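Please look over the sequence and the model shown below before reading the report. The text then goes through the fold, its nonpolar interior and a few individual residues.

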Amino acid sequence: MTNFEEKDGFIWMDGEFVDWSQAKVHVLTHTLHYGLGVFEGVRAYLTDEGTKIFRLEDHTNRLFESAEAVNMKIPFSKEQLNDVQKEIFKVNNLEEGYIRPMCFYGAQGMGLRADNLKTHCIVAAWEWPSYMSPEAFDEGIKIKISSYKRQTNNLVSRSKVNGNYVTSIMALQEAMQEGFDEALLLDDEGNISEGSGENLFLVKEGELFTPDLAASLNGITRKSIISLAQEDGIEVRVKKINLTEILNADELFFTGTAAEVVPIRTVDQNTIASGKRGPITTILQKKYFDQVRGKRDSFSEWLTPIE
């Protein structure tokens with residue numbers, strides 16, 4: 001596992017690139033205490049035409065939407081942050097990896113009023129080959145229905161806000177301690193929400209289903225998979241999904257910037273269908289990996305070159 005305190009390179013902070021080891025904040029930074037910050041997770045892939053960032057503008061747009069949801073004013077434009085995310089790869093000599101933009105409040109004050117605070121912005125990038133083990137993409141993963149519930153039905157809970165991920169951390173830790181690879185959270189009505197950091201898809205009788213956005217994050221990879229499925233004539237239905245439907249699915253898989261597209265073989269020790277990666281998951285997984293590596297002509301606008 002990467003020790004981020006010991007890495008070399010540069011991180012962009014508030015308008016300038018600083019040495020990785022010097023990218024620090026005060027211990028009384030407001031976001032450190034209260035969790036009110038917004039962030040994104042973005043991936044860049046090496047293609048035959050050089051390194052390209054996958055859906056850069058979509059991620060930056062969502063960053064600003066999350067900031068608006070918590071009344072945070074980002075002191076840089078979308079264009080500036082897009083340029084920085086391209087430049088961070090060049091200054092760190094990266095070909096592939098993960099990009100983390102984040103906006104957070106400084107140490108100008110303390111308390112829940114959160115007034116008169118400066119908004120800081122950082123962009124970091126590092127190599128991160130895969131969030132899942134290599135065999136997970138072929139064999140699938142084991143997931144546990146979490147005892148933790150995901151808050152839903154409000155704009156803040158559906159945004160990519162730092163503090164929202166405490167529940168995700170607890171759910172994932174619980175799952176891993178019991179021998180599972182990931183967690184699946186329910187919403188407060190008992191319907192399926194999402195994984196600790198992934199959206200869920202279900203295949204039944206050739207159709208693709210995914211929970212509505214009252215219950216989950218509006219994932220960029222989720223949107224991509226919906227487009228790739230519809231391109232092949234696969235019907236996609238967005239609806240509330242219950243646990244019984246999950247257990248009776250023909251196929252299940254997770255999607256996310258970090259997780260990419262990973263099949264699910266068991267839920268709480270219940271084997272899903274044959275317990276193997278299904279045909280539609282296989283098709284969409286291949287299309288996605290071909291897409292991010294520039295091997296398809298469709299949706300070429302999703303890839304932004306760093307040059």
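The report that follows moves from the whole chain to single positions.

This is a predicted model, in which local features need pLDDT of at least 70 and side-chain atom pairs count only at pLDDT 80 or more, whereas totals for chains, interfaces and linings use all residues. Residues are numbered from 1 along each chain as its sequence is written, and side-chain values use heavy atoms, with hydrogens and water left out.

**Overall form**

The secondary structure comprises eight helices and 17 strands, where helices (H or I, at least four residues) and strands (E, at least two) are DSSP runs numbered from the N terminus. For 307 residues a compact globule would have a radius of gyration near 19 Å, and the protein agrees with this at 19 Å; the radius is taken over C-alpha atoms, and the globule rule is 2.2 Å times the number of residues to the power 0.38. Taken along the principal axes, the C-alpha atoms fill a box of roughly 55 × 45 × 30 Å.

Of the contacts with a separation of 6 or more, 69% are accounted for by residues 24 or more positions apart, a contact meaning heavy atoms within 4.5 Å. Buried residues make up 51% of the 307; buried means under 20% relative accessible area, exposed over 50%, and partly exposed in between (1.4 Å probe, protein chains only). The protein exposes about 14,700 Å², of which carbon and sulfur atoms supply 47%, as computed by the Shrake-Rupley method with a 1.4 Å probe, and for residues only the protein chains shown count as cover.

There are 33 positive and 47 negative side chains, and the centres of the two sets lie 3 Å apart. Lys and Arg count as positive and Asp and Glu as negative, while His and the chain ends are not counted; the place of a charge is NZ of Lys, CZ of Arg, CG of Asp or CD of Glu.

**Nonpolar cores**

In soluble globular proteins, nonpolar side chains tend to be buried together. A nonpolar core here is a set of buried Ala, Val, Leu, Ile, Met, Phe, Trp, Tyr and Cys residues joined through side-chain atoms within 4.5 Å. The largest such core has 27 residues, of which W12, V38, I74, F89 and I99 touch the most other members. Two or more residues of this core come from each of β4 (42-47), α2 (56-69), α3 (78-91), β6 (97-105) and β7 (119-126). Apart from this core lies another, of 22 residues, among them I145, L186, A249 and A259.

Leaving aside residues up to four places away in sequence, W12 touches F17, F76, L81, V84, I88, C121, I122 and V123.

**Selected residues**

Most residues other than glycine have a negative phi. Two asparagines, N93 and N116, have positive values, near 55° for N93 and about 60° for N116.

| Residue | Location | Relative accessible area |
|---|---|---|
| N93 | loop between α3 and β6 | 69%, exposed |
| N116 | loop between β6 and β7 | 72%, exposed |
| N61 | helix α2 | 29%, partly exposed |
| F289 | helix α8 (residues 279-292) | 21%, partly exposed |

N61 and S274 are 213 residues apart in sequence and 40 Å apart in space, C-alpha to C-alpha. F289 and F76 are likewise 213 residues apart along the chain, and their C-alpha atoms are separated by 32 Å. With residues up to four places away in sequence not counted, F289 touches F137, E260 and V261.
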